[in-house]
Amino acid sequence: MSSVSRIPVILDCDPGHDDAIAMMLACASPELEILGVTSAAGNQTIEKTTLNARKLMTFLNLQVPIAAGAPGPLFRKLIVAPEVHGSTGLDGPELPEPAVELESCSAADLIARLVRASETAVTLVPTSALTNIALFLTAYPELKDSIARISLMGGGVNG
């Protein structure tokens, strides 16, 4: 019986309901090895999305490092979506209080650390604003060849 190598991925998210489902599917996939999670501002503020990510990681028993990302976009004001995801960014489900501690570094620095430590090229999976990915690639251009691909969920700028 041959073993199949799992794809090393880093999830960059702003949970929201859509990202919560994406995290659950990623955790359930035997094809993926989740190396870490970074949070982004988007569906709600960075404080709320980071708390949501930590709660989801606790609920999913995902034991990987997590770091908070940038508090907003690089070139415009942050626009959140409480009318879609509620005031918490993840209204509805009752999730456990987080048992997952935050790393003291930024999201970009955590991505760099995880990419450097990986024996194979890493897939970045941003399901939110691409701010953390932009900061990582700007700060660590020497690591771009260690990125296998970026598989993203895109959206619109103005409706």
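This report walks through a predicted model of a protein chain, from its overall build down to a few individual residues.

## Overall build

Start with the big picture. The protein chain has 5 helices and 5 strands, and along the sequence they come in the order β-α-β-α-β-α-α-β-α-β. The radius of gyration is 15 Å, close to the 15 Å that the globule rule gives for 159 residues, so the chain is as compact as a globular protein of that length. If you put a box around the C-alpha atoms along the principal axes, the box comes out at roughly 45 × 35 × 30 Å.

How much of the chain is buried? Of the 159 residues, 45% are. On the outside, the chain exposes about 8,700 Å², with carbon and sulfur atoms supplying 57% of that area. The contacts reach well along the sequence, too: take those between residues at least 6 apart, and 83% of them join residues at least 24 apart.

## Where α1 meets α2

Helix α1 covers residues 17–28 and helix α2 covers residues 46–60. The two pack at an angle of about 35°, and their axes sit 11 Å apart. The crossing of α1 past α2 is right-handed.

Which residues make this contact? From α1 come Ala 20, Met 23, Met 24 and Cys 27, while α2 brings Ala 53, Leu 56, Met 57 and Leu 60. Sorted by type, the residues in this contact are 8 nonpolar, no polar and no charged.

## Buried faces of α4 and α5

Further along the chain, helix α4 (107–117) has a good list of buried residues: Ala 107, Ala 108, Leu 110, Ile 111, Ala 112, Leu 114 and Val 115. These buried residues pack against β1, β2, β3, β4, α5 and β5.

Helix α5 spans residues 131–139, and its buried residues are Thr 131, Asn 132, Ile 133 and Phe 136. What covers them? The cover includes strands β1, β2, β4 (122–126) and β5 (147–150), along with helix α4. So α4 and α5 turn up in each other's surroundings: α5 is among the elements that the buried residues of α4 pack against, and α4 is among those covering the buried residues of α5.

## Leu 32 at the edge of burial

Leu 32 belongs to strand β2, which runs over residues 32–39. Is Leu 32 buried or exposed? Neither, quite: its relative accessibility is 21%, and buried means under 20%, so Leu 32 counts as partly exposed.

Leaving out residues up to four places away in sequence, Leu 32 touches Arg 6, Ile 7, Val 9 and Ala 26. Pro 8 is worth a look as well: Leu 32 and Pro 8 are 24 residues apart along the chain, yet their C-alpha atoms are separated by 6.1 Å.

## Two backbone details in loops

Now for some backbone geometry. The peptide bond from Pro 15 to Gly 16 is cis, with omega near 20°. Gly 16 lies in the loop between β1 (7–13) and α1.

Asn 61 is the other residue to check. Its phi is positive, at about 55°, although Asn 61 is not a glycine. Where is Asn 61? It sits in the loop between α2 and β3 (66–68). With a relative accessible area of 56%, against a cut-off of over 50%, Asn 61 counts as exposed.

How values were computed
Residues numbered from 1 in each chain as written. Predicted model: local features only at pLDDT ≥ 70, side-chain atom pairs only at ≥ 80, totals over all residues. Heavy atoms only, no water. Axes fitted to C-alpha atoms, helices over the stretch in contact; angles between N-to-C directions. Helix = DSSP H or I, 4+ residues; strand = E, 2+ residues; numbered from the N terminus. Left-handed = near helix turned anticlockwise from the far one by under 90°. Contact = heavy atoms within 4.5 Å. Nonpolar A, V, L, I, M, F, W, Y, C, P; charged D, E, K, R; others polar. Rg over C-alpha atoms; globule rule 2.2 N^0.38 Å. Buried < 20%, exposed > 50% of the residue type's maximum accessible area, 1.4 Å probe, protein only. Areas by Shrake-Rupley, 256 points an atom, 1.4 Å probe, with all protein chains shown as cover.
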